[in-house]
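Subject: Structure for your review

Dear colleague,

I am handing over the structure below, followed by an account of what was found in it. Please read the notes with the coordinates open beside them.

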Amino acid sequence: MKDFDHLMSVWQGQPKKEQLSVDEVLKQVKSGVRGLTNRIYWSIVAMVVIIAFAFIIALFGAFNSWVTTVGILIVLFTMFMYLTLIVRHYHILSKRDATVNPTEYLDSLKEYQKNRTKVIGWFYYIYTLLISAGLALYFVEVLQNASGIFKGVTYGSIIIWFLFTTFYLKPRMFKNEEEKLNLMIDRLERLQEQFD
């Protein structure tokens, strides 16, 4: 009996799970999603400007080699693919409201995270590889009269850029976004558990 009383006192001494405030959680989730959608929105604006600039170069540039044109078209095609992807992500995140139906919103966030992880994983490598290849082809004609050292520096910079974005920038950038999404999903799941 003494052990039972001791066990009861230990059990009752356990800290109770902190109850989450519905308003606070929904406010934090909305704020987090708003931050992600704002970042995606400005990425869309920047990508549209860059695509327009590249299109003007392709349209009005007087290039002698078809290789240069192919390089610009590869860059344009790749940027358009990326623009399509981020517009889709923007619509997924901004079309739902967490306050209307938190359970449905949680499911959509989980689906977005799963889809994003799958697509971004392989797409990012294709994107950086195609942009690098397009720039390399573009610079064939642009740098034909440049010195060997300048050509080496330019192509070396493209290789360094590719390696830097692939192995340094991408993991940090996506880890940061993944942590934010996980935090929002965790908060909504804990809130849902309170009411189950």
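Thr68 counts as buried, because its relative accessibility is 0% and the cut-off for that class is under 20%. The model is a predicted one, and in it Thr68 sits in helix 3. Once its neighbours within four places in sequence are left aside, the residues in contact with Thr68 are Phe63, Leu137, Tyr138 and Glu141.

Asn64 offers a contrasting case: this residue is placed in the loop between helix 2 and helix 3, and with a relative accessibility of 72% it counts as exposed. Although Asn64 and Val142 are 78 residues apart along the chain, their C-alpha atoms are separated by 9.9 Å.

Lys110, which belongs to helix 4, has a relative accessibility of 34% and therefore counts as partly exposed, a class that runs between the 20% and 50% limits. If residues up to four places away in sequence are not counted, Lys110 touches Ile185 and Glu189. The C-alpha atoms of Lys110 and Asn182 are 8.9 Å from each other, with the two positions 72 residues apart along the chain.

As for the overall architecture, the protein has five helices and zero strands, so that, in the notation of secondary structure, the order from the N terminus on reads α-α-α-α-α. Of the 196 residues in the protein, 29% are buried. When contacts between residues at least 6 apart in sequence are considered, 82% of them join residues at least 24 apart. The protein exposes about 13,000 Å², and 65% of that area is supplied by carbon and sulfur atoms.

The pockets may be of particular interest to you. The largest pocket has a volume of about 480 Å³, and among the 24 residues that line it, Arg39, Ser43, Tyr82, Ile86 and Met173 are the closest to its centre. Two or more residues of this lining come from each of helix 2 (22–60), helix 3 (66–94), helix 4 (102–142) and helix 5 (148–195). By class, the lining of the largest pocket divides into 17 nonpolar, four polar and three charged residues.

The second largest pocket has a volume of about 240 Å³. Its lining is made up of Ile50, Phe53, Ala54, Ile57, Ile72, Val75, Met79, Tyr127, Ile131, Leu135 and Tyr138, and the elements that give two or more residues to it are helix 2, helix 3 and helix 4. The lining of the second largest pocket has eleven nonpolar residues, with no polar and no charged ones.

Tyr138, listed above in the lining of the second largest pocket and among the contacts of Thr68, also takes part in ring pairing. A search of the whole structure finds ten aromatic pairs; one of them is formed by Tyr138 and Phe139, whose rings are edge-to-face, at 5.4 Å centre to centre and with 65° between the planes. Elsewhere, ring pairs link Tyr41, Trp42 and Tyr90 into a cluster.

With best regards

Methods: Residues numbered from 1 in each chain as written. Predicted model: local features only at pLDDT ≥ 70, side-chain atom pairs only at ≥ 80, totals over all residues. Heavy atoms only, no water. 1 Å grid on protein atoms, 1.4 Å probe; cavity = no way out; pocket = protein on both sides within 12 Å on 5 of 7 lines; lining within 4 Å. Points joined across faces, edges and corners; volume = space filled by probe spheres on them. Helix = DSSP H or I, 4+ residues; strand = E, 2+ residues; numbered from the N terminus. Nonpolar A, V, L, I, M, F, W, Y, C, P; charged D, E, K, R; others polar. Phe/Tyr/Trp six-rings, centres within 6.5 Å; stacked < 30°, edge-to-face > 60°. Buried < 20%, exposed > 50% of the residue type's maximum accessible area, 1.4 Å probe, protein only. Contact = heavy atoms within 4.5 Å. Areas by Shrake-Rupley, 256 points an atom, 1.4 Å probe, with all protein chains shown as cover.
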